[in-house]
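User: I would like to learn how metal sites and helix packing are read from a set of coordinates. Could you take me through the general idea and then the case at hand?

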Amino acid sequence: MTKMFKIALPDGSVREMPEGSTPADVAAAIGPGLAKAALAAKVDGEVRDIMRPFDGDSSLALITSRDEAEALELVRHDFAHILAEAVQNLFPGTQITFGPATEDGFYYDFAPAPARGPFTEEDLPVIEEEMRRIIGADKALIREVWTRDQVRDFFEKSGEAFKAEWVMELPAGETITMYRTGEGEAAWVDLCRGPHLASTGKLDSSAFKLTRVSGAYWRGDPKNPMLSRIYGTAWLNKKQLDAYLVRLEEAAKRDHRKIGQEMDLFHLQAEAHGSVFWHPNGFVIYRQLEAYMRRRIDEAGYQEIKTPQLMDARQWEKSGHWGKYRENMFVVPDEIPHAPEDGEDDDRPILSGDADLMALKPMNCPGHILVFKQGITSYKELPIRFYENGSCHRNEPHGALHGLMRVRQFTQDDAHIFCREDQVVEEARAFCELADRVYKDLGFAGYSVKLALRPDKRFGSDEDWDKAEDELREAVVAAGMATEEFGWEELPGEGAFYAPKLEWHLRDAIGRTWQVGTLQSDRVLPERLDATYVGEDGQKHRPMMFHRAIFGSYERFIGILIEHYAGKFPLWLAPVQAVVATIVSDADVYARQVASKLAAAGIRVVTDLRNEKINYKVREHSLAKVPLLLVVGKREADEGTVALRRLGSDEHQKMMSLEEAVVMIRNEAVPPDLV
Ligand SMILES: [Zn+2]
Ligand SMILES: [Zn+2]
């Protein structure tokens with residue numbers, strides 16, 4: 001008699017299926033529509049091929065294109081295999097290595113035949129063509145379990161040295177699977193964990209594009225051979241691909257590095273990898289944000305402090321950073337260099353290397369606890385909220401650095417809140433409101449709040465985690481933000497190992513999201529560094545501590561603002577707010593008067609008295625994204641008026657009296673929290 005398996009479906013129903021049947025069979029039994037739409041299956045929570053038979057009683061959820069994230073990952077992985085097959089069809093002698101799905105597509109690393117050399121962008125169209133042919137042929141993707149030796153022999157015979165090397169490093173006893181594209185002799189085979197769609201025809205051949213090529217070392221190690229990496233982007237349908245390509249184009253136009261140069265905001269150079277040189281224009285924005293944030297935190301009851309850049313390694317040991325974080329820390333010896341006297345011939349080393357070690361702070365938390373620990377704190381003084389524009393250094397690899405978005409020296413808008421257990425929810429709620437105000441002030445109407453829950457590897461008991469997660473949840477509910485409008489969502493497994501955290505994800509003008517703000521509860525660090533307060537009972541108690549930031553870092557946040565506004569900052573943030581430009585030199589004196597009136601009203605203004613055509617001046621200042629241009633000629637000088645033009649406005653210039661213009665501009669330039 002055939003054995004029957006019980007297959008539990010998401011709607012709670014259970015189907016009996018004979019041994020050997022697959023999720024595809026279940027889909028077909030439910031209906032032809034689903035059979036066609038189903039791309040893969042989630043069996044007992046694991047994503048699997050739809051053609052892979054059940055092992056026993058199972059729970060099953062079918063994945064269709066509606067499960068977008070999962071569907072995209074599957075599709076992109078399929079595209080990577082098809083890319084590799086296409087390349088090997090076209091360029092015999094090419095060896096394959098790895099090809100994963102990425103955030104917007106896929107890539108595959110190849111070792112081209114030595115005579116052929118690395119791939120170039122000119123190769124991409126013909127490879128795309130071959131990929132389309134493979135998709136059109138609707139070849140089955142078949143999973144097979146092989147032994148390690150079988151796989152090695154197979155790859156050695158087919159001249160695939162990289163794959164043969166790799167498979168021997170997989171742990172013995174691990175199930176090794178090969179995926180075959182197509183059947184019989186003509187099949188293309190790759191070592192792969194899967195899963196994949198049932199056949200290449202499930203992909204939309206108009207939904208991908210090969211984008212670029214680059215070099216990449218085998219296994220990421222510069223000692224290994226250089227491979228040739230081909231990148232592609234892939235989506236579920238052409239509409240998604242087109243939307244992505246438009247977004248990419250729009251993002252390139254807004255690139256903060258490009259705009260940063262056009263507006264003369266900042267630069268980076270190799271002598272200070274990952275540390276920003278702020279130019280006067282860029283530092284205006286920085287200072288405006290700093291001043292704005294200070295006003296916000298002052299009114300929210302924070303106190304600003306400043307803690308040392310360099311601290312003894314022992315302090316970092318106590319806080320636990322030395323063990324977990326050391327590779328990201330810049331470490332220096334606490335040693336006075338030996339400087340030879342004039343004319344003294346001394347070949348002693350400048351540093352002996354015997355001195356104690358110190359480290360540049362990678363974060364501000366331990367310093368804040370040290371301030372908290374000075375003197376005795378009573379329960380009546382809590383909550384204490386310490387804020388710092390905290391400059392931190394983290395030793396990121398050069399290759400990972402990216403403009404202002406990923407730097408090695410950055411300044412956090414960092415604060416730590418020390419409070420009693422009975423104050424935890426209220427403090428978290430108040431922070432939600434503060435963050436909301438800041439993001440709206442800075443022009444981000446849309447953001448989402450997410451709660452990152454306990455990860456698999458963690459400290460503390462389940463009870464502690466239940467409590468900590470509930471507190472944050474409760475705070476968001478109390479702030480009225482646990483709603484769809486605020487994109488409220490819980491993210492299982494994404495919390496830090498010692499506590500859950502709330503995250504704020506901003507949506508920018510072109511629909512991209514940026515995680516910026518965090519609120520993280522912490523009962524571990526106060527314990528490690530022995531922070532206490534005296535309770536009502538006269539006994540010592542542990543404060544609860546929040547780590548929190550709203551911008552994240554000034555550097556990255558300014559990068560996000562540049563791209564969000566495409567450089568067209570609201571008036572209060574714009575580096576140069578107004579230019580007074582003359583039409584004729586007769587108006588020079590008057591132009592200077594206009595500028596000094598504006599400057600006296602606190603406006604950042606410059607004059608443009610050059611002997612150039614006004615259209616030329618207009619074009620130049622709009623390229624530099626100056627929000628307001630006041631044009632003056634002989635008539636304006638005689639009448640005491642200005643012609644006002646706004647950046648990016650189709651409206652023609654507006655005539656007004658100088659007094660009127662000054663009042664209007666002054667009012668418009670008021671920061672949003674002071675309106
Ligand atoms: Zn694969
Ligand atoms: Zn912290």
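Analyst: What follows goes through the metal sites, one loop residue and one helix pair. This is a predicted model, in which local features need pLDDT of at least 70 and side-chain atom pairs count only at pLDDT 80 or more, while totals for chains, interfaces and linings use all residues. Residues are numbered from 1 along each chain as its sequence is written, chains are lettered from A and ligands numbered from 1 in the order in which they are written, and side-chain values use heavy atoms, with hydrogens and water left out.

User: Which residues coordinate the zinc ion (ligand 1)?

Analyst: Donors are N, O and S atoms within 2.8 Å of the metal (3.2 Å for Na, K and Ca), and sites may look incomplete because water is not among the atoms. Here the zinc ion (ligand 1) is coordinated by H77 (NE2), H81 (NE2) and C192 (SG), at 2.0 to 2.2 Å, with the spacing H-x3-H-x110-C along the chain. H77 and H81 are separated by about one helical turn, because they sit four residues apart in helix α3 (residues 68–90); helices (H or I, at least four residues) and strands (E, at least two) are DSSP runs, numbered from the N terminus.

User: What are the protein donors of the zinc ion (ligand 2)?

Analyst: They are C365 (SG), H416 (NE2) and H547 (ND1), lying 2.0 to 2.3 Å from the ion. H416 belongs to strand β20 (residues 409–419) and H547 to strand β27 (residues 544–553), so the pair ties together parts that are 131 residues apart in sequence.

User: Is H416 buried or exposed?

Analyst: Buried means under 20% relative accessible area, exposed over 50%, and partly exposed in between (1.4 Å probe, protein chains only). H416 is buried at 0% relative accessibility, and H547 is buried at 11%.

User: Where does V276 lie, and what does V276 touch?

Analyst: V276 is in the loop between β13 (266–267) and β14 (277–278). Contact means heavy atoms within 4.5 Å, and, not counting residues up to four places away in sequence, V276 touches residues including L404, V407 and E555. The C-alpha atoms of V276 and L404 are separated by 7.5 Å, although the two residues are 128 residues apart along the chain.

User: How is the packing of two helices described?

Analyst: Two packed helices are described by the angle between their axes and the distance between the axes. Axes are lines fitted to C-alpha atoms, for helices over the stretch in contact, and angles run from 0 to 180 degrees between N-to-C directions. The axes of helix α9 (residues 280–299) and helix α16 (residues 554–565) come within 11 Å and cross at roughly 110 degrees.
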